Amino acid sequence: MKKIYLFGVLCCMVLFACKKDETPLFDTTENVYFDFTPDDPDDKTDSLLYSFAYFPDKGEDTIYVPVRISGFRVAHERTFILETVDSSTTAKAGLDFKALEKEYVMPSDSGLCLVPLILYNKDTVLKSKTLTIGLTLKASKDFGVTFKLQNKGIVKFSNRLEKPNWWNTWAGELGDYSRVKHELFIRVSGATELGTNLQDFNTIPKALYHTRRFKTFLLDPFNWVTQFATEGYVITKEADGFYYFYSSKNPDNKYKLELNPDDGRYYFRDENGKRI
């Protein structure tokens, strides 16, 4: 009988302990945290990367910062606070990005909010360096920020490119790499990458189409602009006496053309001063 009694007491203790461990984790203030890769639950990425160089027509663009809750979804809107961190921010509000709002809304019945962050492609420094916007979540009346390792993040953006692996495959067509040449290639060819699998029968024809369209442009950019007028690119003569190639949708981003008297052709120059 004693054994049965002791067994019953032990069961009650175990049940009580289980009940204590299973106390709802969200019984306290619910929290918000950054989830930069919401489609990958195991990824702990703490930043977002963006380059205007892939979108030559854009004077500004919007990226979305994913903020997730740890807690229950509710049937009404709640607010959270997102601020910049001066020590990790090199971009300037108003010039490089739109200043953040005082607070943001977590929609009702939702556990994720995609906060719009508007970036501007105005600052010429974006051509030579990557700017950063440090972000942090702050406690609000609706949410806490318990997850210290996930309440800070950073957005990095520029208007420059890095040499892609596929460039070497097609160096015979494209020549030496430079960022300016890469930018012009994207604008003129309409391609952001070329295939490297030469065993794929589609790779070579597609690549040659894009590289030869680019070569045609470099040989006579004035004729190319006329021939492909629907692309929205123009060449105008500016007050300094030089011609400039640019998208009519983004006139702040221009490429200067220089006449070479020796052959009568106009050339662009890359970031190293070499003719393209």
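Which elements each supply at least two residues of the lining of the largest pocket? They are α4 and β11. The model is predicted. This briefing covers one sheet and two pockets.

**The sheet**

- Strands β9, β10, β11 and β12 form an open sheet in that order, and their pairing is antiparallel.
- The edges are held by β9 (233–237) and β12 (265–267); each has a single partner strand, so one side of each has no neighbour in the sheet.
- On average, neighbouring strands of this sheet are turned by 35° against each other, direction ignored.
- Five bridges join β9 to β10 (residues 243–247) in the antiparallel sense.
- Tyr 233 has Ser 247 in β10 as its bridge partner.
- Helix α4 (residues 179–189) packs on the sheet and touches β9, β10 and β11 (250–260). The direction of α4 makes about 110° with that of β11.

**The largest pocket**

- The largest pocket holds about 280 Å³ of space.
- It is lined by 13 residues, and those closest to its centre are Val 180, Tyr 255, Arg 269, Asp 270 and Glu 271.
- Strand β11 gives the largest share of this lining, five residues.
- The lining of the largest pocket has nine charged, three nonpolar and one polar residue.

**The second largest pocket**

- About 180 Å³ of space lies in the second largest pocket.
- Residues lining the second largest pocket include Leu 49, Tyr 50, Thr 130, Phe 157 and Arg 160.
- Two or more residues of this lining come from each of β2 (47–51) and β8 (152–158).
- By class, the lining of the second largest pocket has five nonpolar, three polar and three charged residues.

Technical notes: Residues numbered from 1 in each chain as written. Predicted model: local features only at pLDDT ≥ 70, side-chain atom pairs only at ≥ 80, totals over all residues. Heavy atoms only, no water. Pairing = 2+ DSSP bridges. Helix = DSSP H or I, 4+ residues; strand = E, 2+ residues; numbered from the N terminus. Axes fitted to C-alpha atoms, helices over the stretch in contact; angles between N-to-C directions. Contact = heavy atoms within 4.5 Å. 1 Å grid on protein atoms, 1.4 Å probe; cavity = no way out; pocket = protein on both sides within 12 Å on 5 of 7 lines; lining within 4 Å. Points joined across faces, edges and corners; volume = space filled by probe spheres on them. Nonpolar A, V, L, I, M, F, W, Y, C, P; charged D, E, K, R; others polar.
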